[in-house]
Amino acid sequence: MTDHPRDPSLPSRLAAYRKQLDCRFPRVGEVFSDCIAKASARLGPAGVSAYVDAARLLCKLGRGEEPVLIFLEEWPDVGAALGDGTLEMVMQMVQFMQRTPNGNAIGGFLQTLAPVSRTLLSREQLGHYLNTLRDMMERTTGSIHGHHQTHPSPGLPELLRQAPTLLQSLTVDGLRNWVDYGVRNYLHHPERQKDFFSLQSADSRAVLQRERHGTLLADVERKLDLYLRGLWQDSEVLVPYSTAFATLRTPQPYYDALGMRLPDVLDDLPGVSALDHYRAILAHMVGHRRWSISQTADNWSPFQRMAVEFFEDARIDTLLIRTYPGLRAILLALHPKPAEGACDPETTSCLRHRLAMLSRALLDPEHGYRNPVLHDFVGRFHRELAGGNADTPTMARLALDYVTTTRRQSDQFAKVHFADTEISYRDDNRGLWRFIESGDEEEAFDAEQRTAPDLETQGLPPRHYPEWDYQSQSYRPDWVSLYEGLHASAAAATIDQLLLKHAALAKHLKRLLDLLKPQDKVRIRYQEEGSELDLDVALRSWIDFKSGSTPDPRINMSHRTAGRDIAVTLLLDLSESLNEPVKTGGGDGQTVLQLSQEAVSLLAWSIEQLGDPLAIAGFNSNTRHEVRYQHIKGFSEPWGDAVKGRLAALQAGYSTRMGAAMRHAGHYLAARKADKKLMLVLTDGQPSDVDVQDDRLLIEDARQAVKELDRDGIFTYCISLDPHADAYVADIFGRQYTVIDHIARLPEKLPELFIALTR
């Protein structure tokens, strides 16, 4: 990562950083300005502010000045190498250590963090390293009768001391295995733990040698960077990933906007060194970046896309060999050579096997295969490339012909032949495809049913959310497309008339609200804009100005109310059923939607009186491809004519896909800094949609969404207007719901319910 330019305003901000640090250790004060100068040059303003906050936390831990000094000196290098976002996971580790008897090892952890980070090279790798340390501490920290941890881990200080050396020889997976051996065998022998983790014991060195294998990316990174620049006139950040932590499938190399992703270690193979293996991977990625054109994936089946990838990969390899003929021997040594009769088409899907054979034949004139169709397509492939480089669309047409010509019924079998079909130097081809819209292979609907989002919702690209499938107990990834937009407006006077209609109720609510209002005021000083002048700071700035120094412009102050810190999101179900008239007495012919407008208006007015941040949004859905999420009021917007106008324009239609809407509302609410986060869901029916026949599916998905929000610290509460809600609402919200049988009383009940929840 490149250094940030030095901040020209640093001298004027240094005093503010000192105040933000709020640390009284003398040695910290002596080095602080130099550390800030370094951090400002490496991290940028936001990173520097987070850096000072972290140093302040370390200063308050009660561990002395050493951890603070180490952090101030070491962190700019770590942050520059791995990115500012790494700081959060490091501070979480510090806080974890502080909560255990291992707090004295915080200094050692911070001391070795910079050399460890320079070896690991990526945030993902650092995360695996931290997880290894955390697991070791949890297993080796002693306790009395198994209840309270009282004795620090004997081997942790030694492990931290040796970590930079160990990671120069081991991958993070190898380190994990080495640590696991020491913990398992010496768990009840503290002194032998120390010998093991300090590399003093014989078995410690033997296990280290066993886990040490291959060539680490960190050791050859500079050579590979020169290789990219010198031979291919390309340059990119090389980011390692570990293949040992994958649970479902082995990761493949790939490239994206953040860099080229490579395995953290490779072994020498027959005829190919690990360094040449890395070079082949990089060459193939460079070829795609130089010669491939992304294709629209929506109209291709998975089998067709796989065939396109094999043909395009072979074209790229051919062009690479044409550029540097010496690559042929390396690529052929890495490319498997499937046996012609190895796959049984009677019991197994053989498409991958046929494509791997074809790929080998396209690169190897001495392939020895006898299949006439394979020979025909090899000839067609080379004729396309005879007059130039060909292109990706040409390969796509050739691949489609191949799939059509060789298609077999057994290609649909679940059992797939994988032996000798995986080509290790090729990337996963994610850059070869672009997707315009979600597929609809699973279900078919009339085109008229699946209307496109209106112009208002097209302002932002759709967000994709998973959906819980209770039958398989797993998520359907990126299943729902959610379009968000700003709700249309109407006359704000309509809402004013509704509030006037309930003037007596508002007066009653005001008496209740006055009892909830916090009375304590807290000054917020050093503000460039504020409600009043801060005389002390203003006088000091005036003296600085007169003496020729740069005055501090933050001469104002403002106030905030202490004692109540609540953020609220009100999520409105705007499905078609809200257009039905109120059936219980007292509705005066109003629809459920009109009564909801009155209730929401009173609630928003009430929350405005308390000063709590409030967001209001409405949602409905038209299949999983189109969940509409309409912003009515933002957290920072005042309760004024703009919000009233949107509320007056509410319209109901379509269905109720509740889970995705709750996840999206939770996305915004989770970002708020508040002691309590409350999500109120106002609905008149159970979750449903036209593309779902199983009534339980969306109920279970909404239930799962409530669990996810609860894990994020968001309290959800449902106000249901459905008299039959008892049959399902408890399944979703547990005990966190209220059913209002007399809908006409909603304007009265909704604000009172909020007051009761936040009292």
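Q: What makes two strands count as paired?
A: Two strands pair if DSSP finds at least two bridges between them. The model here is predicted. In it, asparagine 620 stands opposite arginine 628 in β17.

Q: What makes β16 and strand β17 (residues 627–633) a pair?
A: Six bridges join β16 to β17. The cut-off is at least two bridges, so the two strands pair. They run antiparallel. Glycine 618 stands opposite glutamine 630 in β17.

Q: What lies between β16 and β17 in their hairpin?
A: Five residues lie between the two strands. Threonine 623 sits in this turn, with a positive phi of about 75°.

Q: In which sense do strand β15 (residues 566–573) and β16 pair, parallel or antiparallel?
A: Parallel, over six bridges. At least two are needed, so β15 and β16 count as paired. Valine 568 has leucine 614 of β16 as its bridge partner.

Q: Why is strand β16 (residues 614–621) called mostly covered?
A: Buried means under 20% relative accessible area. Eight of the eight residues of β16 are buried.

Q: Which residues of β16 lie on each side, and are they buried or exposed?
A: In a regular strand the side chains alternate between the two faces of the sheet. One side of β16 holds Leu614, Ile616, Gly618 and Asn620. The other holds Ala615, Ala617, Phe619 and Ser621. All of these are buried, and both faces are covered.

Q: Why is β17 called largely enclosed by the rest of the structure?
A: Six of its seven residues are buried, so the description fits.

Q: What makes cysteine 23 and cysteine 59 a disulfide?
A: Their sulfur atoms are 2.0 Å apart. The cut-off is within 2.5 Å, so the pair qualifies. Cysteine 23 lies in the loop between α1 (10–21) and α2 (26–43), and cysteine 59 in helix α3, so the disulfide ties together parts that are 36 residues apart in sequence. Both cysteines are buried.

Q: Why does the disulfide of cysteine 23 and cysteine 59 have its handedness?
A: The torsion about its S-S bond is about 80°, so it is right-handed.

Q: How do you know that cysteine 343 and cysteine 350 form a disulfide?
A: Their sulfur atoms are 2.0 Å apart. That lies within 2.5 Å, so they form a disulfide. Cysteine 343 and cysteine 350 are both buried. The torsion about their S-S bond is about -85°, so this disulfide is left-handed.

Q: How many disulfides does the structure hold?
A: Two. Counting bonded cysteines along the chain, their pattern is 1-2, 3-4.

Q: Why does cysteine 35 count as buried?
A: Its relative accessibility is 8%. The limit is under 20%, so cysteine 35 is buried. Cysteine 718 has a relative accessible area of 1%, so it is buried too.

Q: How do you know that the span of helix α5 (residues 86–98) is close to the expected value?
A: The helix has 13 residues. The expected span is 1.5 Å times one less than the number of residues. For α5 that comes to 18 Å, and the helix reaches 19 Å from its first C-alpha to its last.

Q: Which residues of α5 are buried?
A: Thr86, Leu87, Val90, Met91, Met93, Val94, Phe96 and Met97. These buried residues pack against several helices, including α3 (45–59), α4 (66–82) and α8 (123–140).

Q: What makes a set of residues a nonpolar core?
A: Its members are buried residues of listed types, such as Leu and Phe, joined through side-chain atoms within 4.5 Å. The largest such core has 64 residues. Tyr51, Phe109, Leu110, Tyr129 and Trp178 have the most contacts inside it. The largest share, eight residues, comes from α4. A second, separate core has 63 residues, among them Leu238, Leu282, Phe310 and Leu432.

Q: Which residues does leucine 110 touch, leaving out those up to four places away in sequence?
A: Leu58, Pro67, Ile70, Phe71, Glu74, Val90 and Val94.

Q: How many helices and strands does the chain have?
A: 28 helices and 20 strands. Of its 759 residues, 50% count as buried. Among contacts between residues at least 6 apart in sequence, 73% join residues at least 24 apart.

Methods: Residues numbered from 1 in each chain as written. Predicted model: local features only at pLDDT ≥ 70, side-chain atom pairs only at ≥ 80, totals over all residues. Heavy atoms only, no water. Helix = DSSP H or I, 4+ residues; strand = E, 2+ residues; numbered from the N terminus. Buried < 20%, exposed > 50% of the residue type's maximum accessible area, 1.4 Å probe, protein only. Contact = heavy atoms within 4.5 Å.
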